[in-house]
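Student: I have a structure here and would like to go through the reasoning behind its labels. Could we take them one at a time?

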Amino acid sequence: MNGMNVLLITVDDMNYNSMGCMGCEVSDITPNIDRLAAEGMLCENSYVAVGVCQPSRSVLLTGRYPHKNGARGFEEIDYCVETLTERLRDYGYYNGIIGKVDHLQPREKFAWDFVVKTLNPEENWGRDPEKMYEHTRDFLREARGQGKPFFLMANSHDPHRPFAGSVFEIPSYLSKSGKNVDFDPSMEQGEYYRGKYVKSSRYYEPKEVDVPGFLPDLEDVHSEIADYYSSVHRGDEAVGRILCALEDEGFREDTLVMFLSDNGAALPFAKTNCYVNSTKSPFIFRLPGQIPAGSRTGALISSIDYTPTVLDYLGINPIEGADGTSLRGILSGGLQHQYDTIYTMFYKTARNAVTGRERHFPMRCVQGTEYSYIYNAWAGKGEPFLNESTAGLTFNAMKAAGETDEEIRKRVEFFLYRTPEEFYDIKHDPDCLHNLIGRKEYQALIESYRKNLYGYMMESQDGLVSVFQEKVLRAFL
């Protein structure tokens, strides 16, 4: 074991292609994230195992798939599952978390010594870069005072809904102007949002941004995407201030830093699904002297790998039963390839003002660098898909446009009801617009992906395996 420190920085609902280092052309969108990428290694083909916040974060700190750690949705991990922070406390680490505290439960299993909850008006709802600096600085000083190495998880709530609007930073049901409207899924907290958000230093107008390829280019979509990018920029500012505190306190050189987003943006065909825009999340690792600065890797990697990677760098034995593999060989530049495919998934939504209750939409995906196969176990049962994005300006604009535009109508209908199987050439169609599942020339490849998915399900003891075997495999084998 060595005395190396660890800083894990997350943003909330930031799409992979919203970052300058990943090719986003929106002006000055993520200068701090881009700088971090230039100082370490950018993992261009990295994915979170599940595209929604609480289970995604639970995977990070257990190294296990949701059905193996217990947190399939917004619920506690199983008490018998060892966490990264429990192991680090046993080795003398001082553990801290800033923001998103309630998304790692039960709290005692994560062995926090320093806790700051930020989803409240006093903290500007977790969207204040300066408060992130202050809390990070305070934690680092406490760790130094304790004479211990540290693990800190610092979590921005940006760019989660409600987005930073160019006129109002309030949800749509509070906006009287009809402009820059948005929906806040925590309606019971809505009044607190009025006038409480810290202002972003940069607000984007619709003319300054492009609509992502997985959404139609409609006027209202353009407006909401501009607001989303304003939140992306503010989230980037939070990342910059966290890193500034690390440097100001003298910990830059001996701290392993990782950055990622917990899932894709809260927009149709992104968050709470299994598409590329749902789970792709560029991981950035920085460790001066050990991870080559300005390096990139196209290796396929997963968030199950985070806990094994941290323990490897710290010289601590791996956690028994973890699903992931250490990335140290890739991060050193010596290993170019880790997996041929990875396994991603979705289980259920949160209960909020949009969903009304916990809703189950079981999906599984085999993700490669060129193709993606998705199994939707819920499709065909009549219940339309429902998540927070379905109440937003973008989806409402799509429904309205679909009344006169047949292609958009089909896109809306597909989002709501899907089909049991989807197959995409993500090398040429990363926005997953063209489902190839019925194309004859792809059937042999599709069959190999079906078998691959079955193998993942069997190996990880996924409870959906019997359904997949009955409904899909027996129909084609």
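**Reasoning from values to labels**

Tutor: Gladly, and let us start with two helices: H7 and H11 are roughly antiparallel to each other. Keep in mind that this is a predicted model.

Student: What makes H7 and H11 roughly antiparallel?

Tutor: Their packing angle is about 170°, with the axes 8 Å apart. Angles over 145 degrees count as roughly antiparallel, and therefore H7 and H11 get that label. On the H7 side the contact is made by Asp-220, Val-221, Ser-223 and Glu-224, and on the H11 side by Leu-393, Thr-394 and Ala-397. By class, these residues divide into 3 nonpolar, 2 polar and 2 charged.

Student: And why are H1 and H7 called oblique?

Tutor: The axes of H1 and H7 cross at roughly 50° and come within 7 Å. Angles under 35 degrees count as roughly parallel, and 65 to 115 as roughly perpendicular. The crossing of roughly 50° fits neither range, and therefore H1 and H7 are oblique. H1 contributes Pro-31, Asn-32, Ile-33 and Leu-36 to the contact, while H7 contributes His-233, Asp-236, Glu-237, Val-239, Gly-240 and Leu-243. The contact has 5 nonpolar, 3 polar and 2 charged residues.

Student: Which strands does H1 lie across?

Tutor: H1 lies across S2, S6 and S7, and runs at about 55° to S7. Another helix placed on strands is H5, which lies across S3, S4 and S5, at about 170° to S3.

Student: How are the strands of the open sheet ordered?

Tutor: The order is S4-S3-S5-S1-S6-S7-S2-S8, 8 strands with mixed pairing. From one strand to the next, the twist averages 15°.

Student: What makes S4 and S8 edge strands?

Tutor: Each of the two, S4 and S8, pairs on one side only.

Student: How do you know that S2 pairs with S7?

Tutor: Two strands pair if there are at least two bridges between them. S2 and S7 are joined by 3 bridges and run antiparallel, and Leu-42 stands opposite Ile-284 in S7. S2 also pairs with S8, in the parallel sense, over 6 bridges. There, Cys-43 stands opposite Thr-297.

Student: What is the sense of the pairing between S6 and S7, parallel or antiparallel?

Tutor: S6 and S7 pair in the antiparallel sense, over 3 bridges. Ile-284 in S7 is the bridge partner of Phe-259.

Student: Why is S2 described as largely enclosed by the rest of the structure?

Tutor: In S2, residues 41-47, 6 of the 7 residues are buried, so the strand is largely enclosed.

Student: Let us turn to charged pairs. How do you know that Asp-13 and Lys-271 form a salt bridge?

Tutor: The cut-off is a nitrogen to oxygen distance within 4 Å. For Asp-13 and Lys-271 the closest N and O atoms are 2.9 Å apart, so the pair meets the cut-off. It links distant parts of the chain, 258 residues apart: Asp-13 is in the loop between S1 and H1, and Lys-271 in the loop between S6 and H8.

Student: Why are both of these residues called buried?

Tutor: Buried means under 20% relative accessible area. Asp-13 has 0%, so it is buried, and Lys-271 is buried as well, with 3%.

Student: What about Glu-130 and Arg-241: how far apart are their closest N and O atoms?

Tutor: In that salt bridge the closest N and O atoms are 2.9 Å apart. The pair links helix H5, which holds Glu-130, to helix H7, which holds Arg-241, across 111 residues. Partly exposed covers values between 20% and 50%. Glu-130, at 39%, therefore counts as partly exposed, and so does Arg-241, at 22%.

Student: Why does the pair of Glu-249 and Arg-144 tie together separate parts of the sequence?

Tutor: Glu-249 lies in the loop between H7 and S6 and Arg-144 in helix H5, so the parts tied together are 105 residues apart in sequence. The closest N and O atoms of this salt bridge are 3.1 Å apart. Glu-249 is buried at 12%, whereas Arg-144 counts as partly exposed at 42%.

Student: How many salt bridges does a search of the whole structure find?

Tutor: The search finds 33. Salt bridges also link Glu-39, Arg-252, Glu-253 and Arg-286 in a network.

Key. Residues numbered from 1 in each chain as written. Predicted model: local features only at pLDDT ≥ 70, side-chain atom pairs only at ≥ 80, totals over all residues. Heavy atoms only, no water. Salt bridge = Lys/Arg side-chain N within 4 Å of Asp/Glu carboxyl O. Helix = DSSP H or I, 4+ residues; strand = E, 2+ residues; numbered from the N terminus. Buried < 20%, exposed > 50% of the residue type's maximum accessible area, 1.4 Å probe, protein only. Axes fitted to C-alpha atoms, helices over the stretch in contact; angles between N-to-C directions. Contact = heavy atoms within 4.5 Å. Nonpolar A, V, L, I, M, F, W, Y, C, P; charged D, E, K, R; others polar.
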